[in-house]
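Visitor: I have the sequence and the coordinates open. Please take me through the strands, the confidence and the ligand site.

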Amino acid sequence: MALSNAFLLLFCCILAISVSVSGRPATFLEDFRITWSDSHIRQIDGGRAIQLVLDQNSGCGFASKRQYLFGRVSMKIKLIPGDSAGTVTAFYMNSDTDTVRDELDFEFLGNRSGQPYTVQTNIYAHGKGDREQRVNLWFDPAADFHTYTIMWNHHHIVFYVDEVPIRVYKNNEARNIPYPKFQPMGVYSTLWEADDWATRGGLEKIDWSKAPFLAYYKDFDIEGCPVPGPANCASSPSNWWEGTAYQALNAMEARRYRWVRMNHMIYNYCTDKSRYPVTPPECMAGI
Ligand SMILES: *[C@@H]1O[C@H](CO)[C@@H](O)[C@H](O)[C@H]1NC(C)=O
């Protein structure tokens with residue numbers, strides 16, 4: 001009896017330690033604030049998760065309280081179920097510096113019931129964007145939570161869906177290709193209506209009779225170099241996301257990345273000759 005109690009105590013201690021050491025994921029308000037329409041973002045599960053609402057009155061949005069220079073940001077999102085055509089849910093990082101803006105975008109474009117959600121990614125470096133790629137998801141992102149991650153270090157930017165890299169933008173500064181490196185970025189998310197372009201190029205309109213449209217977020221995890229913070233956010237061992245394991249895709253990731261590109265990519269600006277008669281340099285240097 002005494003022995004089993006001791007074991008129980010030990011077990012509880014280990015549990016308590018492991019919980020307090022990891023310290024993540026954070027509650028929503030630890031790292032974020034609401035930037036657009038308080039009434040359309042509801043905290044649930046003691047503030048560990050949120051519900052975003054889009055209706056005819058408003059969409060909504062939130063942003064991180066701090067900015068970061070490099071790091072890894074992830075959250076679990078459960079997108080709008082059923083008929084989500086005309087809605088856009090975005091998760092992105094942005095330097096908020098107008099003309100020389102850096103930005104890393106995940107945009108989830110809704111669709112009619114039964115049609116696949118599209119994930120659009122885009123990258124702005126030093127004010128220049130127009131680098132859209134699109135993949136259709138290989139699962140229903142409204143049926144359950146999935147993890148969406150932006151990894152950004154001195155070597156590359158990787159967009160992950162669960163453990164699968166769907167996009168890589170390498171640091172090719174040596175070839176004169178711009179790379180976001182000097183400006184810290186905040187973390188943002190918004191849910192809004194964009195039926196003039198989102199679904200099948202704007203052909204599918206939002207069906208307001210299906211409103212309110214609801215998306216759910218949880219497991220907010222920002223691991224980055226906060227600014228203002230350490231004098232520089234260099235490649236140092238204290239910034240784990242700069243470590244050798246994160247400087248390029250590993251073999252498993254590279255395999256998954258190829259699989260996505262071969263089976264799920266539906267648009268790539270790199271191969272859009274009507275927009276880019278001359279292939280953009282990062283498309284040649286990349287991959
Ligand atoms: C919506 O579904 C259509 C039909 O399957 C597909 O062509 C399109 O890529 C999907 N996504 C968007 C955002 O339109």
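Visitor: Which residue of S3 stands opposite Ile44?

Guide: The model is a predicted one. Strands S2 and S3 pair in the antiparallel sense over four bridges. In that pairing, the residue of S3 opposite Ile44 is Ala49.

Visitor: Which residue in the hairpin of S2 and S3 takes a positive phi?

Guide: Four residues lie between the two strands of this hairpin. One residue of the hairpin has a positive phi near 50 degrees, and that residue is Asp45.

Visitor: Over how many bridges do S3 and S14 pair, and what stands opposite Val53?

Guide: Strand S3 covers residues 49-54 and strand S14 covers residues 213-227. They pair in the antiparallel sense, over six bridges. Opposite Val53, in S14, is Leu214.

Visitor: What is the strand order of the open sheet, and which are its edge strands?

Guide: The sheet has seven strands with antiparallel pairing, in the order S2-S3-S14-S5-S10-S11-S12. An edge strand here pairs on one side only. That applies to S2 (41-44) and S12 (164-170).

Visitor: How many degrees does the twist average from one strand to the next?

Guide: The sheet in question is the open one of seven strands. From one strand to the next, its twist averages 20 degrees.

Visitor: Where does pLDDT stay under 50?

Guide: The protein has a mean pLDDT of 91, and 89% of its residues reach 70 or more. One stretch stays under 50, and for it the model has zero contacts beyond four places in sequence. That stretch is residues 6-23.

Visitor: Which residues surround the ligand, and how many of the shell are charged?

Guide: The ligand is surrounded by Leu109, Asn111, Gln115, Pro116, Thr118, Asn136, Thr199, Arg200 and Ile266. By class, the shell has three nonpolar and five polar residues. Arg and Lys are among the residue types that count as charged. The number of charged residues in the shell is one.

Visitor: What percentage of the contacts between residues at least 6 apart join residues at least 24 apart?

Guide: The protein has four helices and 15 strands. Of its 287 residues, 31% count as buried. Among contacts between residues at least 6 apart in sequence, the share joining residues at least 24 apart is 69%.

Notes:
Residues are numbered from 1 along each chain as its sequence is written. This is a predicted model: local features need pLDDT of at least 70, side-chain atom pairs count only at pLDDT 80 or more; totals for chains, interfaces and linings use all residues. Two strands pair if DSSP finds at least two bridges between them. Axes are lines fitted to C-alpha atoms, for helices over the stretch in contact, and angles run from 0 to 180 degrees between N-to-C directions. pLDDT is the predictor's confidence in each residue, from 0 to 100. Two residues are in contact if their C-beta atoms, placed from the backbone, lie within 7 Å. A residue is near a molecule or strand if its C-beta atom, placed from the backbone, lies within 6 Å of it. A residue is buried if 20 or more other C-beta atoms lie within 10 Å of its own, exposed if 12 or fewer, and partly exposed in between; C-beta atoms are placed from the backbone.
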